Amino acid sequence: MAPQDRLAQVNAHLNYPQGLFAGQTAIITGAGQGIGAEAARLFANEGAKVVVADIDEKKANDVVNAINSAGPGRAIAVVGDVTDANYIENLVKKAAEFGNGKIHIIVNNAGFTWDGVIHKMSDKQWETMLAVHNTAPFRLVRAAAPYFRVKDKEPRVIINISSTSGVHGNAGQVNYSVAKAGVVGLTKTIAKEWGPQFGVRANTIAFGYITTRLTAAKEDGAYFTTSDGTKVALGIPRKGKTDNSYQDGAEPYADIPLRRPGSAEEAARAIVGVASPYFSYVNGETIRVTGGRNIYLHVNLFDSSIRIYGLNRYIQKKQV
């Protein structure tokens with residue numbers, strides 16, 4: 001037996017089916033690659049039955065086959081476009097069948113970027129981002145309502161994936177930033193509507209710089225094909241710049257205290273952690289997974305606020 005096969009066998013014995021999510025069924029959208037694929041693997045490794053939802057049939061099946069190679073019947077693929085309302089209904093139906101009539105976890109992870117500055121952005125760019133990042137998650141949550149608005153004392157968790165672009169905004173991404181900010185409102189509303197009676201937890205995870213096709217060099221040529229056949233280039237323009245810095249000569253990742261981007265697996269671990277019983281009293285929150293990025297902004301704003309407050313107090317005393 002090859003070492004990697006033995007490792008998979010031992011891993012299965014250690015965690016499945018006695019893992020954190022034993023007996024639970026999870027839907028993960030955009031699970032054919034990147035963060036979604038890593039999350040699917042980790043959820044399955046912790047005992048969940050995983051529904052891999054993705055638009056790319058080959059990638060979705062590759063993820064499922066890898067999961068099931070360590071133990072059959074742990075994952076299925078449901079292929080389709082999350083912006084298609086009929087697909088969402090079919091996804092929920094198949095997930096419930098796979099889960100013996102129950103769905104416990106939804107991870108709204110599917111998405112991509114279609115960048116442009118405000119004055120040059122088309123209606124199609126704008127509307128596509130809202131459709132993918134807002135309408136699709138809403139439809140999935142709505143369709144799954146009969147499986148979450150229940151009182152069987154089993155855990156129910158919804159995790160919506162956002163970005164620091166939705167928290168702080170980002171030049172060249174007004175459509176993506178607005179959409180990702182909207183995810184936060186969806187999460188908080190779910191928490192308030194479904195938490196009191198049914199104990200459903202809903203949280204947002206806002207990722208910073210994670211190494212995926214969305215943060216790779218645009219020159220690498222990655223693209224996403226929309227439902228009407230439009231090819232959207234993905235990534236960040238890096239022409240004339242190093243891979244490790246947006247500014248020539250600057251310290252690599254100087255705005256990240258850990259001085260590196262996060263990996264897809266690290267991002268997936270955060271998703272699994274938030275879905276787990278260890279976060280059982282965390283609800284309606286936006287959890288930032290950034291390696292510390294943007295904390296300097298908050299410190300500076302706090303320091304500025306203190307200085308302004310002190311100045312105002314000084315002026316008031318002089319006027320007395």
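Me: Let's fix classes first: Ala, Val, Leu, Ile, Met, Phe, Trp, Tyr, Cys and Pro count as nonpolar, Asp, Glu, Lys and Arg as charged, and the others, Gly among them, as polar. On that basis, how does the lining of the largest cavity split by class?

Reply: The lining has 10 nonpolar residues, five polar ones and one charged one. Bear in mind that this is a predicted model.

Me: How many cavities of 30 Å³ or more does a search of the whole structure find?

Reply: One. The space in the largest cavity comes to about 100 Å³.

Me: Which lining residues are closest to its centre?

Reply: Asn 108, Asn 109, Ala 110, Val 132 and Pro 137, out of 16 that line the largest cavity. Two or more lining residues each come from helix H5 (123-143), E5 and helix H8 (174-198).

Me: Which element gives the most to that lining?

Reply: H5 does, with five residues.

Me: Switching to Asn 160. Where is it?

Reply: Asn 160 sits in strand E5, which covers residues 157-163.

Me: Buried or exposed?

Reply: Buried: the relative accessibility of Asn 160 is 1%, and the cut-off for buried is under 20%, so Asn 160 qualifies.

Me: What does its side chain make a polar contact with?

Reply: The side chain of Asn 108, at 2.9 Å. Asn 108 is also among the residues closest to the centre of the largest cavity.

Me: And what else is Asn 160 in contact with, leaving aside neighbours within four places in sequence?

Reply: Besides Asn 108, the list has Val 183, Leu 186, Thr 187, Ile 190, Asn 203, Thr 204 and Ile 205.

Me: OK, packing. Which residues of the largest nonpolar core touch the most other members?

Reply: Phe 43, Val 50, Phe 207 and Ile 271, in a core of 35 residues. Elements giving two or more residues to this core are strand E1 (25-29), helix H2 (34-45), strand E2 (49-54), helix H3 (57-68), strand E4 (105-108), E5, strand E6 (201-207) and helix H9 (264-275). H9 gives the most, with eight residues.

Me: What is Val 50 in contact with, leaving aside neighbours within four places in sequence?

Reply: The partners of Val 50 are Ala 26, Ile 28, Ala 40, Phe 43, Ala 44, Arg 74, Ala 75, Ile 76 and Phe 98. There is also a second, separate core of 30 residues, which includes Val 82, Ala 96, Ala 143 and Ala 191.

Me: Any general background on that? 

Reply: In soluble globular proteins, nonpolar side chains tend to be buried together.

Me: Whole chain, then. How many helices and strands?

Reply: The chain has 10 helices and nine strands. Of its 320 residues, 43% are buried. Among contacts with a separation of 6 or more, 68% are between residues 24 or more positions apart.

Me: Backbone check: what is the phi of Lys 153?

Reply: About 65 degrees, which is positive although Lys 153 is not a glycine. Lys 153 is in the loop between helix H6 (145-148) and E5. Lys 153 counts as exposed because its relative accessible area is 85%, and exposed means over 50%.

Me: What about phi of Asn 294?

Reply: Phi of Asn 294 is also positive in a residue other than glycine, near 80 degrees. The loop holding Asn 294 runs between strand E9 (286-289) and helix H10 (295-319). With a relative accessible area of 23%, Asn 294 is partly exposed.

How values were computed:
Residues are numbered from 1 along each chain as its sequence is written. This is a predicted model: local features need pLDDT of at least 70, side-chain atom pairs count only at pLDDT 80 or more; totals for chains, interfaces and linings use all residues. Side-chain values use heavy atoms; hydrogens and water are left out. Helices (H or I, at least four residues) and strands (E, at least two) are DSSP runs, numbered from the N terminus. Buried means under 20% relative accessible area, exposed over 50%, partly exposed in between (1.4 Å probe, protein chains only). A polar contact is a pair of N or O atoms within 3.5 Å; within protein, one must be able to donate a hydrogen and the other to accept it, and residues adjacent in sequence count only if both atoms are side-chain atoms. Contact means heavy atoms within 4.5 Å. A nonpolar core is a set of buried Ala, Val, Leu, Ile, Met, Phe, Trp, Tyr and Cys residues joined through side-chain atoms within 4.5 Å. On a 1 Å grid over the protein atoms alone, a cavity is a set of points where a 1.4 Å probe fits but cannot get out, and a pocket is an open set with protein on both sides within 12 Å along at least five of seven lines; lining residues have an atom within 4 Å of a point. Grid points are joined across faces, edges and corners, and a volume is the space filled by probe spheres set on the points.
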